[in-house]
Amino acid sequence: MGSDLPNRMTRNKFYITTPIYYVNDKPHIGHAYTTILADVLARFHRLFGADTWFLTGTDEHGQKVQRAAETAGMTPQQQADTTVVRFQDLWKRLGITNDDFIRTTEPRHAVVVQEILQDLFDRGEIYRAEYDGWYCVADERFYTEKDLSGGNCPECGRPVEKVREANYFFRMSKYQEWLISYIEEHPLFIQPDFRRNETLGFLRKPLQDLCISRPKSRLAWGIELPFDRDFVTYVWFDALVNYISAVGYRRDQTRFARRWPATYHLIGKDILTTHTVYWPIMLKAAGVTMPDTIFAHGWWLSGQTKMSKSLGNVVSPLDMIDRFGVDAFRYFLMAEMVLGQDASFNPESYESRYNSDLANDLGNLLSRVAKMIEAHLGKTIPQPGEMQETDLLLRNAVLAAAEGMVTAVEEMRIDKGLATLVGAVREANRYIEKNQPWALAKNGDTQRLQTVMYCAAESLRIVSGLLHPVMPAKMEELRSTLGLPAGAPPVKHLTEWGGLIPGTPTRSAPILFPKAAGKPAPQPETQPKQTPETPRISIDDFRKVELRVARVASAERVPKSEKLLKLQIEIGSERRQILAGIAQHYAPETLVGRNIVVVANLQPAKLMGQESNGMLLAASDETGRLAILTPASDVNPGATVK
Ligand code: MSP
């Protein structure tokens, strides 16, 4: 089933970018989301074997930063230097594997912006004119009178300022028809589809030329225009160029050719126009190839409104990490948002998804598998025997989920892929319940036990490999428990069954995802139901069973039996012999003098040639543990249990 998968992963290079974030404020969950998504996609493509490059960074010029610096009593550069560290530290904490981090105040960027400006100016693509318009400080954009909505900024609704000044303009309007055709001919250029339609809708109105400068008298904090020192460049013209300046444009042709065009520019829907209109036209005018896909995701909302600092409803990534750890946070963001659409963040769904998908499904599966292997199979990966139908069904389900995840990455539906993988984990838990390995162990059916535990462990190998890009640290822990080597496995190893090597030592199960305290966890479908089909009995049926407390007078092993102990017990004044299959769990001498519970009216039976006159009660769970039942406080031997 999975063998054709590697051939489908035809991309041999992958270059992904995030927006570069403004350094006027600390990062919030929205920034964390885009960056984690880019990280997950980059990690997957590395495992597909693609030559991968992942770029993120910070947008450090412009009015926002200048104003934040003034408020904080710093220079804009100090403000940028202070805030950038918060982003860089958070990315480290979140396990972000960016290959580069660009800051727009770095010379490697500023010089390239100036060269592009000079080139466009020399070729008449940039001209000077008197400008009359409305300016939104928050968005750093100019609007014409008719763009305004109720006299306010059409994007954010805030008041705008009237401005009249000389400025430099980029001849964007002349590329309007070209851009419409390009978008129509390249359906993957803007994704999802409804965002492409949104841009095409925007392009139905005549496109204005773009004002690309600010007089220094009004905004000093920016990159100087090389052809007029009284001006700095407009923030978007500066920022967008980061995607090419960071990979060697005009500096290192070999490097640039290796990375560019970008496979994905990941953006939030708030910056769709700048990325799908300004940026393609800037590239076209500069003679640079278009990126493959500009992918806009939705917003994280607080209730029904976008999270933003001014509304005071932002969720701090650090608080969320403190709750259940980095990997659970990464998982939640990826699993909860349908790419492209908005999602609402609420702590209850965070906790319930954590408890159900991670603690109950995945964590539980690992714990069952590792404990059974430790208790009954010498703590090594067992040699499987012939596969039965139930084993083949599990194998097929797991391989189909693996294929589902790979397709989901290609289709930018990470949420769907993760749901498929969690589905496979549930399948594996059901498989364990159905095949009852603890009963196989009890009955000494080692051959079958080996096969069942191999299949369950192998399912975990595949699923954990595919979850590795989303939860790298936790999956390392899981995989080391199964004796797998450190590091993320190539995806081609995850689309075929049978990668676990019998005989490999395993480790004791860690508690991978401790259950969240607080509210009661939702009941997972996979809670062990030991005997779901046991028919109900009447109280009269129950009364037929005579349960009595007995005192163990002596205990010894039954010769030639691994499991049986021979106990002499006292039920009141009566003395009897019973045999119990607990030798692997209790040393005989530890039982002497203890009160136990027995079925006293069982017909006598002979086991290994020895008579057993009654049955001791003990509880066993699916991990293979066993405990004898004893009264919680002192009662006389012979007492009835009812
Ligand atoms: N500096 C510009 C981008 C320049 S790219 C050449 C900018 N920066 S920003 O700091 O405001 O970050 C915007 C990005 O942060 C969004 O496009 C999105 O990726 C992310 N998010 C910010 N708030 C968000 C939500 N509430 N939800 C999801 N992501 C959002 O714009």
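How many residues of the shell around the ligand are nonpolar, polar and charged? I sorted the shell by class and got twelve nonpolar, nine polar and three charged residues. I note at the outset that the model is predicted.

**Entry: the ligand shell**

I looked up which residues surround the ligand and found 24 of them. The closest are Ile 20, Thr 34, Asp 59, Gly 268 and Trp 300. I then checked which elements supply at least two shell residues each. These include strand S2 (21–22) and helix H2 (29–48). Helix H8 (235–240) and helix H9 (242–245) also supply at least two each.

**Entry: backbone contacts to the ligand**

I looked up distances from backbone polar atoms to the ligand. For Trp 300, a backbone N or O atom lies 2.8 Å from a nitrogen atom of the ligand. Gly 268, also among the closest residues, has a polar backbone atom 2.9 Å from an oxygen atom of the ligand. For Tyr 22, a backbone N or O atom is 3.0 Å from a ligand oxygen atom. I also checked cover: the ligand taken alone exposes 670 Å², and the protein buries 95% of that.

**Entry: a three-stranded sheet**

I turned to an open sheet of three strands, whose order is S10-S12-S11 and whose pairing is antiparallel. Why is one side of S10 and of S11 left without a neighbour in the sheet? Strand S10 (213–215) and strand S11 (224–225) stand at the edges with a single partner strand each, so each has one side without a neighbour there. I looked at the pairing of S10 with strand S12 (residues 228–233) and found three bridges joining the two, which run antiparallel. Pro 215 stands opposite Phe 231 in S12.

Note on methods: Residues numbered from 1 in each chain as written. Predicted model: local features only at pLDDT ≥ 70, side-chain atom pairs only at ≥ 80, totals over all residues. Heavy atoms only, no water. Near = heavy atom within 4 Å. Polar contact = N/O pair within 3.5 Å; in protein donor to acceptor, adjacent residues only side chain to side chain. Areas by Shrake-Rupley, 256 points an atom, 1.4 Å probe, with all protein chains shown as cover. Helix = DSSP H or I, 4+ residues; strand = E, 2+ residues; numbered from the N terminus. Nonpolar A, V, L, I, M, F, W, Y, C, P; charged D, E, K, R; others polar. Pairing = 2+ DSSP bridges.
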